[in-house]
Amino acid sequence: MLKKILLLLATLVLAANTALAAAKVEQNAAPNLPIGAVMTTEIQMAQEMFVGFDSLNYEKFSKNFSEDFKKVFTPEVFKSAHKDTTDKMGEFLGMDILMWQAHADSKTDTILYRGQFAKDEDMLITVTLDRRNPNAIKITHILFDSPLMQ
């Protein structure tokens, strides 16, 4: 119960920050590319990444990674992280988007998901994206957060 209350509070705080950032984000969008299109693109990229995770397909998983993130999250790291995650969390059952947040002071966005695994249906998954070039958005960070991952 405490976990769900903390999740709700975190979502409310981040949603308030998103509302304040909307005007600034629109300024950072490419000409003729509304922020709604950026948001849709980012969510699709994250969903494709999770399809790659579920099918243990590194190419699909890392397709939209920044070059720097690909250097850190290599195929070997992916296999090890996938095994560690599924060993601790069980089978990946899907995810629900909780929030999309634009950061007003930079050109990054964050998507917060509730990951559903066999052993924990409330894992928080944070995906950070770089939209400095809205026509070439890249995933720069992923964080899986669950007490079972400790």
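Buried means under 20% relative accessible area, exposed over 50%, and partly exposed in between. The legends below apply these words to a predicted model.

**Figure 1. The whole protein chain contains 5 helices and 4 strands.** Followed along the sequence, these elements give the pattern α-α-α-α-α-β-β-β-β. The protein chain has 150 residues, of which 41% count as buried. Among contacts with a separation of 6 or more, 52% join residues that are 24 or more positions apart. The area exposed by the protein chain is about 8400 Å², and carbon and sulfur atoms supply 58% of it.

**Figure 2. Close-up of helix H2 and the residue that follows it.** Helix H2 covers residues 35-54. At 1.5 Å a residue, the 20 residues of H2 should span 28 Å, and the end C-alpha atoms are 29 Å apart, which agrees. The buried residues of H2 include Ile-35, Val-38, Ile-43, Ala-46 and Phe-53. Glu-42 also belongs to the buried residues of H2, as do Met-45, Met-49, Phe-50 and Gly-52. Just after H2, Leu-56 has a positive phi of about 55°.

**Figure 3. Close-up of helix H5, with its buried and exposed sides.** Helix H5 runs over residues 75-89; at 1.5 Å a residue, its 15 residues should span 21 Å, and the end C-alpha atoms lie 20 Å apart, which agrees. Which residues of H5 are buried? They are Phe-78, His-82, Thr-85 and Met-89. These residues cover an arc of only 75° around the axis, so they lie on the same side of H5. An α-helix has 3.6 residues a turn, and therefore residues three or four places apart point the same way. On the other side of H5, Glu-76, Lys-79 and Lys-83 are exposed. The cover over the buried residues of H5 includes helices H2 and H3 (58-62), together with strands S2 (108-117), S3 (123-130) and S4 (138-145). Just after H5, Gly-90 adopts a positive phi of about 85°.

**Figure 4. Close-up of the largest nonpolar core, which has 30 residues.** Which residues touch the most other members of this core? They are Phe-61, Ile-125, Ile-139 and Ile-142. The elements that give two or more residues to the core are H2, H3, H5, strand S1 (92-102), S2, S3 and S4. H2 gives the most, with 8 residues. Leaving aside residues up to four places away in sequence, Ile-139 touches Met-45, Met-49, Asn-64, Phe-65, Ser-66, Phe-69, Val-127, Thr-128 and Leu-129.

**Figure 5. Close-up of Val-127 in strand S3.** Is Val-127 buried or exposed? Val-127 has a relative accessible area of 0%, so this residue is buried. When residues up to four places away in sequence are not counted, Val-127 touches Met-49, Phe-50, Asp-109, Thr-110, Ile-111, Tyr-113, Ile-139 and His-141. Tyr-113 is 14 residues from Val-127 in sequence, and the two C-alpha atoms are 8.2 Å apart in space.

**Figure 6. Close-up of the salt bridge between Lys-63 and Glu-48.** The closest N and O atoms of this pair are 3.6 Å apart. Lys-63 lies in the loop between H3 and helix H4 (67-72), whereas Glu-48 lies in helix H2, so the pair ties together parts that are 15 residues apart in sequence. Glu-48 has a relative accessible area of 32% and is therefore partly exposed. The count for the model comes to 7 salt bridges.

**Figure 7. Close-up of the salt bridge between Lys-88 and Asp-84.** The closest N and O atoms are 3.3 Å apart. Because Lys-88 and Asp-84 are 4 residues apart in helix H5, about one helical turn separates them. Lys-88 counts as partly exposed at 29% relative accessibility, and Asp-84 likewise counts as partly exposed at 33%.

**Figure 8. Close-up of the salt bridge between Arg-114 and Asp-122.** The side chains of this pair meet at 3.9 Å, N to O. Arg-114 has a relative accessible area of 22%, so this residue is partly exposed. Asp-122, at 19% relative accessibility, counts as buried. Salt bridges that share partners join Asp-96, Arg-114 and Asp-122 into one network.

Key: Residues numbered from 1 in each chain as written. Predicted model: local features only at pLDDT ≥ 70, side-chain atom pairs only at ≥ 80, totals over all residues. Heavy atoms only, no water. Expected span 1.5 Å × (residues − 1). Buried < 20%, exposed > 50% of the residue type's maximum accessible area, 1.4 Å probe, protein only. Arc of directions from axis to C-beta. Contact = heavy atoms within 4.5 Å. Salt bridge = Lys/Arg side-chain N within 4 Å of Asp/Glu carboxyl O. Core = buried A, V, L, I, M, F, W, Y, C linked by side-chain atoms within 4.5 Å. Areas by Shrake-Rupley, 256 points an atom, 1.4 Å probe, with all protein chains shown as cover.
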